[in-house]
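Consider how the protein and its ligand fit together in the model below. The account starts with the shell around the ligand, moves to the pocket and ends in one loop.

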Amino acid sequence: MKIAVYPGTFDPVTLGHIDIIRRGAHLVDKLVIGVTTNPSKEPMFAVVDRLAMVKREVAGIAGQIEVVEFDSLLMDFAESQGATAILRGLRAVADFEYEFQMAGMNQKLNENIETVFLMADVSLQPIASKLVKEIARFGGSIDKFVPPAVAEDVRRHLISGSR
Ligand code: ADP
């Protein structure tokens, strides 16, 4: 059984992430979406909320998909899940430097787990969670970048007065 892990912060999950998940789920027998706690990024949403959002949004996607929280070293997490691949999305040039470095170091940590890069649909390439949050904080519409229920979650979160 081919298992891949797709790790990320998903703060919040965007249409770009969903597209990568759909493509990834086609490629493997089981896709494990690893939602990092990542306190260093000071996420807008707590990990429990991000987990619930991702679970809700992938519910309709074909294939075996699991959504799991993790706060360990990525390669340890991947190994514990029985994965042979790490899935990452690659956007134009912006992601390259960081992803190249991370894949290279992860290769050194575990030669048996391969990093695989997928490209989202061209129309979804510019989407980034960070910009979605910025637009929403300034009152802009994020409806073209995230699923409808996520746009609602972000609006509700901002109205409730937290970050
Ligand atoms: P991280 O905190 O690791 O950057 P993110 O939640 O931002 O995690 O993203 C997880 C993965 O999804 C990363 O590989 C990122 O490059 C990819 N990704 C995010 N947005 C897009 C997009 N619009 N198109 C393609 N890949 C994307």
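S1, H1 and S4 each contribute at least two residues to the shell around the ligand; helices (H or I, at least four residues) and strands (E, at least two) are DSSP runs, numbered from the N terminus. The model is a predicted one, in which local features need pLDDT of at least 70 and side-chain atom pairs count only at pLDDT 80 or more, while totals for chains, interfaces and linings use all residues. Residues are numbered from 1 along each chain as its sequence is written, and side-chain values use heavy atoms, with hydrogens and water left out.

The ligand is surrounded by 19 residues, and Tyr6, Thr9, Lys41, Gly89 and Ile127 are the closest; a residue counts as near if one of its heavy atoms lies within 4 Å of the molecule. By class, the shell holds eight nonpolar, six polar and five charged residues. Here Ala, Val, Leu, Ile, Met, Phe, Trp, Tyr, Cys and Pro are nonpolar, Asp, Glu, Lys and Arg are charged, and the others, Gly among them, are polar.

Polar contacts are pairs of N or O atoms within 3.5 Å. A polar side-chain atom of tyrosine 6 is 2.6 Å from a ligand oxygen atom, and a polar backbone atom of glycine 89 is 2.7 Å from an oxygen atom of the ligand. For aspartate 95, a polar side-chain atom lies 3.3 Å from a ligand oxygen atom. Of the 550 Å² of accessible area that the ligand has on its own, the protein covers 91% (Shrake-Rupley method, 1.4 Å probe).

Which space does the ligand take? The ligand occupies the largest pocket, where sitting in a pocket requires more than half of the molecule's atoms within 2 Å of its grid points. A pocket is an open set of points on a 1 Å grid over the protein atoms alone, where a 1.4 Å probe fits, with protein on both sides within 12 Å along at least five of seven lines; lining residues have an atom within 4 Å of a point. The volume of the largest pocket, the space filled by probe spheres set on the points, is about 1100 Å³. Its lining has 40 residues, with Gly8, Thr9, Lys41, Arg88 and Arg91 nearest the centre. H4 supplies the most, four residues.

In the loop between S1 and H1, phenylalanine 10 has a positive phi near 50°. Proline 12, in the loop between S1 and H1, is joined to aspartate 11 by a cis peptide bond, with omega about 0°. Most residues other than glycine have a negative phi, and most peptide bonds are trans.

Notes
A polar contact is a pair of N or O atoms within 3.5 Å; within protein, one must be able to donate a hydrogen and the other to accept it, and residues adjacent in sequence count only if both atoms are side-chain atoms.
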